[in-house]
Amino acid sequence: MIESSKRNTRFIVAGLLLAILMSAMDNTIVTTAMGTIVSELGGMEQFIWVTSAYMVTVMAGTPIFGKLSDMYGRKRFFIFGLIVFLVGSMLCGMAGSIVQLSIFRAIQGIGGGALMPIAFTIIFDIFPPESRGKTTGLFGAVFGMSSIFGPLLGAFITESLGWNWVFYINVPLGIISLILIVVYYKESMSHSKQRIDWGGAATLVGAVVCLMFALELGGKEYAWDSLQIIGLFAGFAVLFVVFIMIERVASEPIISFKMLSNRLFATSNLVAFFYGSVFIVATVYIPIFVQGVFGGSATNSGLILMPMMIGSVAGSQVGGLLTTRTSFRNIMMISVVCFLAGTVLLSTLSPDTSRMIMTLFTILTGFGVGFSFSVLSMAAIHHFDMRQRGSATSTNSFLRSLGMTLGITIFGIIQRNAFSEKMTSAFGGSSAGATNFGNPQEALTPENRKLIPEPVLHKITEAMSSSIAHTFMWTLIPVGCAVICVLLMPKDRVSVKAKTARQTE
């Protein structure tokens, strides 16, 4: 257990909140600055790897750090992750090319893979069950708030200080978090000797990377039936099969089939996977819709995300408070109905959609996904003791990250192909016209839009709007899978009988 006074607990929570704010805000703040980064560093064709490299290493590190924290304690690996994240942030700020930036983002992601799951696990260690809902709701709210202020802060920093500072801003926040955890978090627990499933981690990450490269390069750099793309798909298939074989015999697997035999754990993690794959699409393409269709600036695109993120904060808080009043399944039913309705409405976006109507769509979507930030983490560890909580929460974070990684890749390809087809059709099959204006970046800044003739700009905005709405329509598949998983969740709930008994005595 953790030896800490109430005063120490407040400082520990503050340190954890700062770390979560910093790591959660990282992708949103970088997304806003990406246009400026590409214009200065070049590498338009490789810029997606600035985000993907971070996500892949977060995904790889999450289950490993979760297991290590179960074996040797939370504190040392949280501090290690924090330091690596800060070193990666400073290196990113000094990057001189898009390739360097992608490599440094991968280093940053290694640290990020430790922060989120261990922070949530520490909360479950230091708070009793009846207090966890409120606290995890607060953590979920910070996660949502980071998404609100990340785009705005990214736009402000980029325009006033330069894109490098979107990475340097992590340093003061990280140092404060580091000091609070080092000074106030006193951990005393019995550690269990376990084995790290390095083979499982390597084969899974290798499989995901092969799949991402195949999907990203197929039909663009290489033909789908080319030797390179076929080889990447074959690599994915072989590595994934090997991963399954390793997990079945590993004494301490990355993804435990034994833990997955628990229905609440399995369904909670599947919902996290499907939610992650759709939520990342909303956070990326709603700003692009605003800039490419409505003609807003980077700051405008950041502001349009604010209602969705406020909705997610509200959903996180409501979800956390309801965990002591009803079952996880009932709470997630509210969540998934709102999330499904919001996604359906986003698939109807068009140039005629008003900003007010779009704002309502995003609020509903955000409110629905917000429940998952607090409720799914609690549900995932509900049946496990302290020595298994790190693995349970890291698996939940891992699958959410995996969903986001695959979601941004797969749905990014869908949007790109749909946009290309619409542009070619709009220009009467003229490949020259489509090539000249087929890059979405051409219409994403007010300055560039003024240089594009009005008839051409109209065709671009129509193609942009249609391709994004088309992409949201495809996201209904994972949302529908999430609905099925929620329906399959058992009616387990947080028990507060012990607290009631103590109060009676």
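A residue counts as buried when its relative accessible area is under 20%. By that cut-off, buried residues make up 58% of the 505 residues in this protein. The model is a predicted one. It holds 20 helices and zero strands. Contacts here are dominated by sequence-distant pairs: among those with a separation of 6 or more, 83% join residues 24 or more positions apart.

Start with helix α11, which spans residues 263–294, and helix α13, which spans residues 328–346. Their axes lie 12 Å apart, and the packing angle is about 30°. Angles under 35 degrees count as roughly parallel, so α11 is roughly parallel to α13. The crossing of α11 past α13 is left-handed. On the α11 side, the contact uses L264, V271, Y275, V278, F279 and I286. On the α13 side, the partners are F328, M332, S335, V336, F339, T343 and L346. By class, the α11 and α13 contact has 11 nonpolar residues, two polar ones and no charged ones.

Now turn to the packing of α11 with α19. The axes of these two helices come within 9 Å and cross at roughly 160°. Angles over 145 degrees count as roughly antiparallel, so α11 is roughly antiparallel to α19. The crossing of α11 and α19 is also left-handed. From α11 come R263, T267, L270, V271, F274, Y275, S277 and V278. From α19 come P478, V479, C481, A482, C485, V486 and L488. This contact divides into 12 nonpolar, two polar and one charged residues.

Compare the two residue lists. V271, Y275 and V278 of α11 appear in the contact with α13, and V271, Y275 and V278 appear again in the contact with α19.

What does V486 touch beyond its neighbours in sequence? Leaving out residues up to four places away, V486 touches V271, R329, M332, M333 and V336. V486 itself lies in helix α19, residues 476–488. Among its partners, V271 belongs to α11 in the α11 and α13 contact, while M332 and V336 belong to α13. Another link back to the start of α13 is given by F328: V486 and F328 are 158 residues apart in sequence, yet 9.1 Å apart in space, C-alpha to C-alpha. Is V486 buried or exposed? Its relative accessibility is 0%, so V486 counts as buried.

The cysteines come next. A disulfide is a covalent bond between the sulfur atoms of two cysteines. How many disulfides does a search of the whole structure find? The search finds zero. C481 shows the spacing: its nearest cysteine sulfur, that of C485, is 6.9 Å away. The cut-off for a disulfide is a pair of sulfur atoms within 2.5 Å, and C481 is in no disulfide. Both C481 and C485 are among the α19 residues that contact α11. C481 has a relative accessible area of 28%, so it is partly exposed. C92, in contrast, has 0% relative accessibility and therefore counts as buried.

Finish at helix α9, residues 227–249, where Q228 lies. Q228 has a relative accessible area of 42%, so it is partly exposed. Q228 and F213 are 15 residues apart in sequence and 9.9 Å apart in space, C-alpha to C-alpha.

Terms used:
Residues are numbered from 1 along each chain as its sequence is written. This is a predicted model: local features need pLDDT of at least 70, side-chain atom pairs count only at pLDDT 80 or more; totals for chains, interfaces and linings use all residues. Side-chain values use heavy atoms; hydrogens and water are left out. Axes are lines fitted to C-alpha atoms, for helices over the stretch in contact, and angles run from 0 to 180 degrees between N-to-C directions. Helices (H or I, at least four residues) and strands (E, at least two) are DSSP runs, numbered from the N terminus. Angles under 35 degrees count as roughly parallel, over 145 as roughly antiparallel, 65 to 115 as roughly perpendicular and the rest as oblique. A crossing is left-handed if the near helix is turned anticlockwise from the far one by less than a right angle, and right-handed if clockwise. Contact means heavy atoms within 4.5 Å. Ala, Val, Leu, Ile, Met, Phe, Trp, Tyr, Cys and Pro count as nonpolar, Asp, Glu, Lys and Arg as charged, and the others, Gly among them, as polar. Buried means under 20% relative accessible area, exposed over 50%, partly exposed in between (1.4 Å probe, protein chains only).
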